[in-house]
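Ready for a few exercises with a structure viewer open beside you? Work through each task yourself, then compare your steps with the solution.

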Amino acid sequence: MNNHSLASLLDKLPLGICIVDRKYRILYINSRFSTALQLPAEVRLGSSLLQECSHQAPLLQQHLDNVASRTGDSFPSDIHPPEAFEFIPETDTTTDNVNAVLHMEIVPLAINDGVVKTLCLLLDAGSCYAQVKHQMAQELAAGHEQQQQLMDKLEAARGQLVQAEKMASIGQLAAGIAHEINNPIGFIGSNLQSLQDYVERLLNIIHHTESLLNEQQRQQLQQLMVQQQFSFIRDDIKQLLEESLDGINRVAAIVNSLKSFSHVDNSDWQYADLIDGMENTLKIINNQLKYRIQLHKDYQQGLPLVYCQPMQLNQVFMNLLMNAAQAIEGNGDIWISIHTMPQDQGVEISIRDSGCGIEPQNLNKIFEPFYTTKPVGSGTGLGLSLSYSIVQKQHGKISVSSKVGEGTEFVVRLPLQGERRLRQ
C-alpha cells in the first residue's frame, strides 16, 4: 500500500490522527483532526502543532513531554496506558446541547534506542466521548433526583408519623386531664345546686320572720336591710348562682367534648356521628372563633352514621377549621355543611371561609408535606398533609377550591360503608 492509499484510509477512520516529532512539528494530520480542533483546512506539514493550537499549547506540550520522557521499557500499553486528557477547542462548538469537549490520547510511535522520535495524537472527533459523558451526567442527575424524591417521601412519612404519634400522646394526656377535671367539676356542681337550694330556704325564712315581728322590730329590720342592700343581694345572689351553675355545665360539656375528641378508643373503626364530631371539635377550638368568627351551620336531619375512625376525622375537622380561622384577618365567616351525596354515595363535609384565599399556583402544593404559607415558626406544613392522609385512609377524598380575596372551601367526601345506620 502506497502512502496515498494509507492517507486515504486514515482519513476515513472515525478518529482524528496527528503525528508529530519531538520538536512538535506536524508530520501527518488527517482532516478529522483538523476539523475537530478547528484548524485551517490545509495545515502545512512541518508547522508546529503548538503554534497551531496556541491557546492550548502549554497543555499539549505538557502531555507530549510526559510521553516522550518515558523509558523504553515502559511503552507497552499493558504497563503504561496512553496519555489521555480532555481538550477544549479555542471556539466552543456546541451540537445538540453537548459541549465540544474532545478526548485526546498520546502514544509513542517511533522509538530509537529507547528515545521517542515521533508521537501520535489520537482524537475522538466524533463527539462520542462527550455524548457518553453527557449521557452519564444525565443518568447520574436522574438517579440523584430519584434518590432525593425517595428521601423526601421518607421524610414526609416520618413527619406524618411523628405528627400522628404526637396527636396520640396529646389525646391520651387530654383524656387523662379530662377524667381528673370531671371529679372536681362534679362536686362543685353538686355543691352549687345545694347552695342554690339553701339560699332559697334562707330567703324564705327571712321573709316569714319579718311577718312575726312587731312594728318597731320590723322598722329596725327594714332599716338594717336598706343599710346592707338586702334587696340587691337577694336578687343578685340568685343570678350569681344561676350563672355559676351555667358555667359549670359549660365546663362539663367542654370536658366531655375533649374526652370524645381525644379518646384513644375512638381510633378504632366504628359507626360515628359526624355532626357530633364536628360539634365536639367546635367546642374545643371555640376560644379561637367566638370573638371574631360567625359560624353558619347547615346539618342534614337524619344524617346516616359513617363507618370510620372518629378521632382521626376530628383531627381533620380541627385542621380545616383552624386554617379557615387563620386565613381570616379580623372578623369573618365560616360556613359548615354536612349532607349526604346524591344516591347515597356518601357524606360530604364542606368548610368554607371568607378569608384571604390561596394563590392559584399554590393550590396543587397545599397537601404536600412541610409546605406552608404561614410565617416561619407559625406552622409545620403538616396539617393539611396529615388531613389528606387521614381522609385517604378513610377511603375518602378531599378537595379544595379558592379565590384570592374571597375565600377557600375544603370538601371532604366519605363513603358509606357497611349497613346503613341513621343518626338518632
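**Exercise 1. Classify P360 as buried or exposed, and say where it lies.**

Solution. Keep in mind throughout that this is a predicted model. Start with the relative accessible area of P360, which is 60%. The cut-off for exposed is over 50%, so P360 counts as exposed. Next, place P360 in the chain: it belongs to the loop between strand 12 and helix 11. Finally, look for S402, which is 42 residues from P360 in sequence, while their C-alpha atoms are 7.8 Å apart in space.

**Exercise 2. Work out the strand order of the open sheet and find which strands stand at its edges.**

Solution. Reading across, the five strands come in the order 9-11-12-14-13, with mixed pairing. Strand 9 and strand 13 (397-403) each have a single partner strand, so each has one side without a neighbour in the sheet. From one strand to the next, the twist averages 10°.

Now zoom in on one edge. Strand 13 and strand 14 run antiparallel and are joined by seven bridges. S402, met in the previous exercise, has T408 of strand 14 as its bridge partner.

To finish, add the helix: helix 8 packs on the sheet and touches strand 9, strand 11, strand 12 and strand 14. The direction of helix 8 makes about 170° with that of strand 9.

**Exercise 3. Describe the largest nonpolar core: which residues touch the most other members, and which elements supply it?**

Solution. A general tendency helps here: in soluble globular proteins, nonpolar side chains tend to be buried together. In this model, the largest nonpolar core holds 39 residues, and M278, I334 and I349 touch the most other members. Elements that each supply at least two residues include helix 8 (274-284), strand 11 (332-340) and strand 12 (347-353). Helix 10 gives the largest share, nine residues.

Take I334 as a case study. Leaving aside residues up to four places away in sequence, its contacts include L289, I293, L295, L321, A324, I328 and I351. Polar or charged names such as Q294, R352 and D353 are also on the list for I334. A second, separate core has 27 residues, among them I29, L49, L60 and L64.

**Exercise 4. Put the whole protein into numbers: how many helices and strands does it have, and what share of its residues is buried?**

Solution. Count the secondary structure to get 11 helices and 14 strands. Then take burial: 35% of the 424 residues are buried. For the surface, the protein exposes about 25500 Å², of which carbon and sulfur atoms supply 52%. Last, among contacts with a separation of 6 or more, 64% join residues 24 or more positions apart.

Methods: Residues are numbered from 1 along each chain as its sequence is written. This is a predicted model: local features need pLDDT of at least 70, side-chain atom pairs count only at pLDDT 80 or more; totals for chains, interfaces and linings use all residues. Side-chain values use heavy atoms; hydrogens and water are left out. A nonpolar core is a set of buried Ala, Val, Leu, Ile, Met, Phe, Trp, Tyr and Cys residues joined through side-chain atoms within 4.5 Å. Buried means under 20% relative accessible area, exposed over 50%, partly exposed in between (1.4 Å probe, protein chains only). Helices (H or I, at least four residues) and strands (E, at least two) are DSSP runs, numbered from the N terminus. Contact means heavy atoms within 4.5 Å. Accessible areas come from the Shrake-Rupley method with a 1.4 Å probe; for residues, only the protein chains shown count as cover. Two strands pair if DSSP finds at least two bridges between them. Axes are lines fitted to C-alpha atoms, for helices over the stretch in contact, and angles run from 0 to 180 degrees between N-to-C directions.
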